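Got the model open in your viewer? Set it to cartoon, keep the selection box handy, and follow along.

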Amino acid sequence: MNLTNTNKLLAATLCLATSYSYADSERPLFSLTVSESGVQQTNNDGSLSQSTKSGSRILPIWGDAARAKGYDLPEPFGASYGYMNLRQDIVVDQIGFIMPNNPDTPGSTEIKVGKTRERTESHILKLDTWVLPFLNVYGVYGKTKGSSQSDVESVKFGGLPMPILGNTPFALDFKGKTYGGGITLAGGYNQFFATLDTNYTQTNLDILDGGIKALVITPRIGYEFTFQPLFAGQGNTKVQVWTGAMYQDITQHFKGKVANLNMTGALGAIVGAVLENDPEMSFDVKQHLAHKWNNTVGARFEITRNFNILSEVGFGNRNSFFISGEFRF
């Protein structure tokens, strides 16, 4: 009876995770905007590129001083929509039950779970602003749905083994909402740039009591290519490419009512019979991520100063795909 819902939150946070101005959001649930992170922008001939909007703005603070030194800062405000698809392995450490009508039974109940794979899809809206030329602050809201697939190796209920439930696949579906925020630090030298994104989110799932909290930290380093404008008066066209890594620390202790799990198959039939006598039966699951770090590569295409598209792929210890479109103003 595995309750692996962390992936959902991951997807959301990943979407937020990249939010640099290029700041990319992630995220994850989650807006990446890896753009000008404080790098002096140049044309193909080596001359400084000119922004179409060089007038004074309230934000970012110290923005006028940065522009005076030749830095082409992005528009201070951004709104983006992102889609994330994420898959990863979960290790289930313990599954327990609380049965109000049969308080002595849970102590002799044991469920061993083998490999667990979780899949999630998240849709994330993000709003951000550059407070300083090197500091982006953002908030996110999103919806996620997903499922986990586990192999139930053995089940003992009331101290008695139940062979019919051994080596049984078990699927669990879930959905919920995510909200939170984060900051991105960005800087650069010539055409090279680096960002460090940190965000904190909470996800409320339909099958859990309480929310899942996640801390995601994403360092990136990349290079920016500058081309002639695609549209006159809209500034140079830019392409950023980068590589990095993502760290995720997510709540791994879940509680909720068994009746909310909508279990099917042989295990669902057994649990359904138990619920008839104990409808308030609840579960208590402890688990951990198989891996907290994974590798990432991505690219951002700045079509105009006001619109860009971005995509990032995660690989190694977890697989993910993220794509977003962003308007800046």
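Two strands count as paired here if DSSP finds at least two bridges between them. Helices (H or I, at least four residues) and strands (E, at least two) are DSSP runs, numbered from the N terminus. This is a predicted model, so mind the filters: local features need pLDDT of at least 70 and side-chain atom pairs count only at pLDDT 80 or more, while totals for chains, interfaces and linings use all residues. Residues are numbered from 1 along each chain as its sequence is written, and side-chain values use heavy atoms, with hydrogens and water left out.

**The whole chain**

Colour by secondary structure: the protein chain has three helices and 13 strands. Of its 329 residues, 51% are buried (buried is under 20% relative accessible area, exposed over 50%, partly exposed in between; 1.4 Å probe, protein chains only).

**Strand E8 and its neighbours**

Select 237-250. That's strand E8, and 10 of its 14 residues are buried, so the rest of the structure largely encloses it. Now add E7: the two strands run antiparallel, joined by 12 bridges. For a landmark, find threonine 226, which stands opposite lysine 238 in E8. Next add strand E11 (residues 293-304), also antiparallel to E8 and joined to it by 10 bridges. Here the landmark is methionine 246, whose bridge partner in E11 is asparagine 294.

**Into the core**

A nonpolar core means a set of buried Ala, Val, Leu, Ile, Met, Phe, Trp, Tyr and Cys residues joined through side-chain atoms within 4.5 Å. Which residues touch the most other members of the largest one? Show Phe97 and Val258 as spheres; they are the ones, in a core of 27 residues. Elements that each supply at least two residues to this core include strand E1 (77-98), strand E2 (110-132) and helix H3 (265-277). Then pick Met84, Leu86, Trp242 and Leu310, which are among the six residues of a second, separate core.

**Salt bridges**

Switch to sticks for the charged side chains. The structure holds 13 salt bridges (a side-chain nitrogen of Lys or Arg within 4 Å of a carboxyl oxygen of Asp or Glu).

Start with arginine 57 and glutamate 75, which meet at 2.9 Å, N to O. Arginine 57 sits in the loop between helix H1 (6-17) and helix H2 (63-68), and glutamate 75 in the loop between H2 and E1, 18 residues apart. Is each partner buried or partly exposed? Arginine 57 is partly exposed at 31% relative accessible area, whereas glutamate 75 is buried at 2%.

Move on to arginine 117 and aspartate 89, whose closest N and O atoms are 3.0 Å apart. The former lies in strand E2 and the latter in strand E1, so this pair ties together parts 28 residues apart in sequence.

Now jump to arginine 220 and glutamate 312, a salt bridge at 2.7 Å, N to O. This one links strand E7 to strand E12 (residues 307-315), with the partners 92 residues apart. Both arginine 220 and glutamate 312 are buried. Finally, select Arg57, Asp72, Glu75, Lys238 and Arg305 together: salt bridges that share partners join them into one network.

**Last stop: the outside**

Hide the sticks and look for leucine 196 in strand E6 (residues 192-205). Leucine 196 is partly exposed, with a relative accessible area of 38%.
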